[in-house]
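Biologist: Could you put the model up and talk me through what surrounds the ligand?
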Amino acid sequence: LQAGSRVVLREIGHNIVGGSDPKDYAVELNATNFDAVLKDTPATYAIVEFFAHWCPACRNYKHHYENVAKLFNGPNAVHPGIVLMTRVDCALKINSKLCDKFSVSHYPMLFWGPPTKFFAGWSSNQAKSKLRVIDDGRTAERLLNWINKQIGSSYGLEDEKFENEHLSSNISDPGQIARAVYDVEEATATAFDIILEHKMIKSETRAPLIKFLQLLVAHHPSRRCRKGSAEVLVNFDDLCPLDMWSSDKHDVDTSNMIGVLRNFHICGKDVPRGYWMFCRGSKNDTRGFSCGLWVLMHSLSVRIEDGESQTAFTSICDFIHNFFICQECRQHFYEMCSSVKGPFTKARDFALWLWSAHNEVNERLMKEEASLKTGDPKFPKIIWPPKQLCPSCHHSRGPKDKGGSQIDWKRDEVFKFLISYYGNTLVSLYKEKGLLVGDGTTVILEDSSTNAVVVPVGAALAIALASCAFGALACYWRSQQKNRKYYHQLHSLKNI
Ligand SMILES: Cc1cc2nc3c(=O)[nH]c(=O)nc-3n(C[C@H](O)[C@H](O)[C@H](O)COP(=O)(O)OP(=O)(O)OC[C@H]3O[C@@H](n4cnc5c(N)ncnc54)[C@H](O)[C@@H]3O)c2cc1C
C-alpha cells in the first residue's frame, strides 16, 4: 500500500494519476490509497474535497478547486510541498465508508488539516479537533483567501505568472529548515545519480565513496537514505567491481551495471522528486543541488560523535573533492580542507569548522555575485546565521559589526544553534516515524508533525544510530544474500 501511495504522490508531479482527468491537479483519492497518500506526502497541510461525480454543483466547482490546486500540486506548482489538494468521489461504492467516517453532509464538502490527522483515527476527538471544515471556499479566490488566513501567507491565483518570485525568503524563520529534510534527500539522490551518470566510480574513488556511504548509513537525517545507503554499501563489491569501467568491458555490460546500480535508489524509489523545497531558488538555475549538499553536510556534522569527527571531516572533504562536479567549488573546498592543521577530536570543532568554511564561501560569493549579477535576487549570500535568526550567536557590538570575518561570534552559541537547527528542527516535519533497532524491528516514535521532538540529538542519538546502522547492515546483509546469488547466477550465465 505504501509503495502505491508513493507512486500516486509521484504521479501528482506528472499529472497522470489513474482514473482522474490527466489535466487535473487535485489528486483523486479512494478508500484504498487515502491513508497511505496522506501519510507519505511531504506537504504540511492537506485539503480533501468530498464530492459526487453526478452532482452538478460539484462539476461547476471543479474549475475553482483546480485553479487553487495548480498552485500547490504538480511539477510546475508555484508553491510546492505546502498544501496537498485532493478529492474523494463519494458516489463510488468503494468510498462510501470513508465518506461516512467524515460525516459528509453535503457536496462538495472540504476539510482542512495536517495530512496525518486525516488518517490518524478520524474517530478520535484529538484528531478531529485538528481538522476543519472549510466554510468559505465557494470560489477559487475565497478558497485561497481562506488558506492564506490559515497559514499567514499571501498567495495569489496569478502567482504562476511570476514564476518563483513569490517565494518566501524569510531568513529569520528557523522553522523554514524543517522543509529542508526533503532537500537533503533530493541532494543525496541527485549526487548518486551524477556519480553514475558521469561514471565517477573508479579504482581511486571507490574508497572515498565507501567512507561517505558509511557516514550516510549512520547519520543521514532521513531514514530512507540511511536504508538505501546501507543497501548500496552491503552490495558494493558486486555492484561496483574494480574493473567496472575497464576498456575491455563491452558497452552492454557497462550499461547493464548502471541499470543494476540505478535500481538501488539511495533514498527510496520516489526520490529524487524533481523539485526543491527549502532550497528552491527564485530562478530555475539558482540554489537547488548545491544548497541541498551544504544542508546535508551540516546535518551530518551535528549528528556525529567526538570520536568520529576526524573521519567525518575526511569523508566529507574527499567526497566533495572526488564527486562534486563543480570544478571551482571542489578546488576551493579542498584548499580549505587541506589548510586544517591538527586532526579533529571534537564533533563541536568539526561542526564549527564546516560552518566557518561555508561562511568563507559565502563571503567570496557575496562579492562575485554582486559584480556578475549571477546570484539569486531573493536569496542573496549572507554571513550566516544572521542576527534575526540567532541573536545569541552575535556579541552586540553596534555599528562596527559589519559582518564576515569581522563578526564577533559567540562560538558556543553558534554550535548550540547549529545543533538545534540542523538537528531537531530539520527533522521536525519528517514523516518517517519508524526507526530500525538492532534486531530489525521497528520502533514508532512520536508523531513528528506535532512539533514533538522526533529524534534526540547528541551523543545518545549518535550511539543509537550507530547501533541501528549495525543492525540494519546485518539485516540487509541477510536479505541481500538472495539478490547476490541471483546476480552471480546472472553473471555466470552471461559468461557461458
Ligand atoms: C562544498 C561546496 C563548495 C562550493 N564552492 C563554491 C564556489 O567556490 N563558487 C561558487 O560559485 N559556488 C560554490 N558553491 C555553491 C554555493 O556555495 C551555494 O551552494 C550556491 O550558490 C547556492 O546558494 P544558496 O543561496 O542556496 O545558499 P547555500 O550557500 O547553498 O546555503 C544553503 C543554506 O545553508 C544555510 N547556510 C548558509 N551559510 C551557512 C553556514 N555558514 N553554516 C551553516 N549553514 C549555512 C542557509 O540556510 C542557506 O540557505 C559551493 C557549494 C558547495 C556544496
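**Ligand surroundings**

Modeller: Arg287, Glu328, Trp355, His358 and Tyr422 come nearest among the 25 residues around the ligand, where a residue is near if one of its heavy atoms lies within 4 Å. This is a predicted model, in which local features need pLDDT of at least 70 and side-chain atom pairs pLDDT 80 or more, while totals for chains, interfaces and linings use all residues. Residues are numbered from 1 along each chain as its sequence is written, and side-chain values use heavy atoms, with hydrogens and water left out.

Biologist: Which ligand atom is 2.7 Å from the side chain of Glu328?

Modeller: A nitrogen atom of the ligand, paired with an N or O atom of that side chain; a polar contact is a pair of N or O atoms within 3.5 Å.

Biologist: And what about His358?

Modeller: One of its polar side-chain atoms lies 2.8 Å from an oxygen atom of the ligand, and the side chain of Arg364 has an N or O atom 3.2 Å from a ligand oxygen. The protein covers 90% of the 940 Å² of accessible area that the ligand has on its own, computed by the Shrake-Rupley method with a 1.4 Å probe.

Biologist: Which helix gives the largest share of the shell?

Modeller: That is α16, with eight residues; helices are DSSP runs (H or I, at least four residues) and strands likewise (E, at least two), numbered from the N terminus.

Biologist: Switching topic, what is the strand order in the open sheet?

Modeller: The five strands run β1-β3-β2-β4-β5 with mixed pairing, two strands being paired if DSSP finds at least two bridges between them.

Technical notes:
Polar contact = N/O pair within 3.5 Å; in protein donor to acceptor, adjacent residues only side chain to side chain.
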